[in-house]
Amino acid sequence: MRETPIKWVVEDPKRKNVFWPSEEMKKRAWVSDEKIYEEAAKDPVAWWAKLAKEGITWFKEWTETYVWDPPFYKWFVGGKLNICYNAVDRHVKGWRRNKAAIIWEPEPPNEPHRVLTYYDLYREVNKFANVLKSLGIRKGDRVGIYMPMIPEVIIAMLACARIGAVHSVVFSAFSGQSLKDRMLDAEAKLLITADGYYRRGNVINLKANADIGIEGTTIEKVIVVKRLGKEAGLNVNMVEGRDYWWHELMEKAEPYCEPEVLDSEDLHFILYTSGTTGKPKGIEHHVGGYAVQAYWTAKWDFDLHDDDLFWCTADIGWITGHTYNCYGPLMNGATFLIYEGAPDYPAPDRLWQIIEKYGVTVFYTAPTAIRMLMKYGDEWVKKHDLSTLRILGTVGEPINEEAWLWYFNVVGGGRCPIIDTWWQTETGATLINSLPGIGPFIPTVAGRPFPGTRFSILTEDGKPTSIGEGGYLVQLSPFAPGMFRTIYKDPERFRQQYFSVYGEKIYYTGDGAYIYDEMGNIRITGRVDDVMKVAGHRLATAEVENAIAQHPAVVESAVVSVPHDIKGEVPVAFVVLKPGYKPSAELEAELRKTVDRIIGPIARPERIIFVDDLPKTRSGKIMRRILKALLRNQPVGDITTLMNPETVEMLKEKVGYRERGQ
Ligand code: WT7
């Protein structure tokens, strides 16, 4: 596109692989002055009050900015707003009315793309909000959303937000059973889904999974988007009086729906994520604080301007999708792209082809995708003109240096900063990363906490660590406004999981980290609990164990993760069979299918090892530490506390253990 594209970063003359924003970037960026960190730190509460006023349209201003009653906290108390109004209405009142909001790229390369302007979105959202109301949905009611990456998923979320209904989006590749568990916990009244979608050229019958998911739940009505229709050969089961086609309801819907005036602390959405037990947690995000942080992080981290095209590849079923494929860019009036399908379909250059086709300027993806695309080789990237790119982002798990440098040099042509954003479903929006106009950009180092937020890295005994010393990453009050407020229906679990390790005043993230340099840049080393990140997806080892236990042949199992070149880590299952069952390839396949059915293919164990027994302590707890060491060929360490130390020899043989030494 450009003869000589602008260099947005320059190399540090003193240090290898350390980059800083170029003068062009500093001129263009919303923030480029280092001083904002200091300014924000002087009085973080006042800082956030200022940002809240500037970024968000409030119907009524709050009376108290921050209220802290450990472990609970609230923001902008008494303030009134509507996030859908902020995402859509305020743009249609001005020149952005006919600006593109969403560009949708379907998976089949020959199917036409769709563009929704802000005004299109406004009309659709208003109508759909009226549809929801006509089916009896009111403020506070929970609505399940189980949809592929199509514009209707965003319309559905915004319509819920408009009327104050609480959406709970479930990733479309999760099984019907996973959907059901979440809908039961949320006590949802209505589900929005689609007939199906395309994935790697295959037709996925989503409605069939949705039917499993609503059985025995409180869901009374189902709205189904016709994404595929008959041509795709799908047989869609529609139940009279329960299931409705989206397009039929929309035909009759009134064009305007008054946005509900919501309280800053009203519940906005629930999103389930894995904890350390088998039961997913319903993470509660509330309207006001979430809006403020989603707005400012989208604007500053990705430096979104009106001429940018932002593409975040995350599925809407994850928090990244909520914040950066819906609320963040929309509240900023930005144009963004969503893509329905697989990154390497029909060929390994699909993503690069899309960037070239639309002229994407800001691209945000996960290390697992970067590693996969890196493996296919540079020629797939080099076939395309990616000169429109100016910022690259990564999220979801620690990125290794090799993948960072490949992303930087091959995809970004050495011109674009890499914004490595650390955050969690719980935090609602990004929290630790370098800002494009400030830097620095260092491989494997996320950066500094977002201005106005406070983190520390503590030793086991709660002492701050020094530079280079590993510890536990914690957040200190005032907690960022976009942080979750509690676990749905389970405030005790909230307290216990996040505010008990270091007391009620310190938020425990579950991640290990260390301070990288004098500037206070932070390097994240990964989870320190029984949570895995498999291809960036968050899963508890206990969830996979519970799924395996559903098979009649299984007595018990232990799941641990092992490192994997592309996916970061993958689950391996040790399985003990009931008498009468023999290990076999068929049984292995059946166990994998059971995991697919109960959770979904993302949780499928990479390896299943049948064993006679598992290493246990005298109190009966499985020592996963030993299993991990065995799989990694590391020393097993002290085994004297085991009730059955003899299992270790048996396990060594089964896994083909070769001790690598210290
Ligand atoms: C966990 C949260 C946040 C959206 C997607 C994941 C890991 C996330 C990074 C990063 C190293 C990261 C952490 C965190 N993580 N971003 N940039 N560098 N690790 O959300 O599924 O709630 O997972 O992802 O371990 O605790 P999530």
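Me: What makes a residue one of the 17 that surround the ligand?
Reply: The test is distance: a residue counts as near if one of its heavy atoms lies within 4 Å of the molecule. In this predicted model, 17 residues surround the ligand, and the closest are Asp-420, Thr-425, Asp-511, Lys-533 and Arg-538. Local features need pLDDT of at least 70, side-chain atom pairs count only at pLDDT 80 or more, and totals for chains, interfaces and linings use all residues; side-chain values use heavy atoms, without hydrogens and water, and numbering runs from 1 along each chain as its sequence is written.

Me: Why is the pair between Asp-420 and a nitrogen atom of the ligand called a polar contact?
Reply: A polar contact is a pair of N or O atoms within 3.5 Å (within protein, one must be able to donate a hydrogen and the other to accept it, and residues adjacent in sequence count only if both atoms are side-chain atoms). A polar side-chain atom of Asp-420 lies 2.7 Å from that nitrogen atom, so the pair meets the cut-off. Oxygen atoms of the ligand take part too: one is 2.5 Å from an N or O atom in the side chain of Thr-425, and one is 2.7 Å from a polar side-chain atom of Lys-533.

Me: How do you know how much of the ligand the protein buries?
Reply: Accessible areas come from the Shrake-Rupley method with a 1.4 Å probe; for residues, only the protein chains shown count as cover. Taken alone, the ligand exposes 550 Å², and the protein buries 96% of that.

Me: What makes a shell residue nonpolar, polar or charged?
Reply: Ala, Val, Leu, Ile, Met, Phe, Trp, Tyr, Cys and Pro count as nonpolar, Asp, Glu, Lys and Arg as charged, and the others, Gly among them, as polar. By that scheme the shell around the ligand has 6 nonpolar, 5 polar and 6 charged residues.

Me: What is behind the area that domain 1 and domain 3 bury between them?
Reply: The bounds, domain 1 (1–82 + 279–450) and domain 3 (535–655), come from an automatic or database domain assignment. Buried area is the accessible area (1.4 Å probe) that two parts lose on being put together, summed over both. Here that is about 870 Å², 49% of it on carbon and sulfur atoms. Trp-318, Thr-368 and Arg-371 supply 46% of the area that domain 1 buries against domain 3.

Me: Why do Asn-17 and the bond between Tyr-345 and Pro-346 stand out?
Reply: Most residues other than glycine have a negative phi, and most peptide bonds are trans. Asn-17 is not a glycine, yet has a positive phi of about 55°. A cis peptide bond joins Tyr-345 and Pro-346, with omega about 0°.
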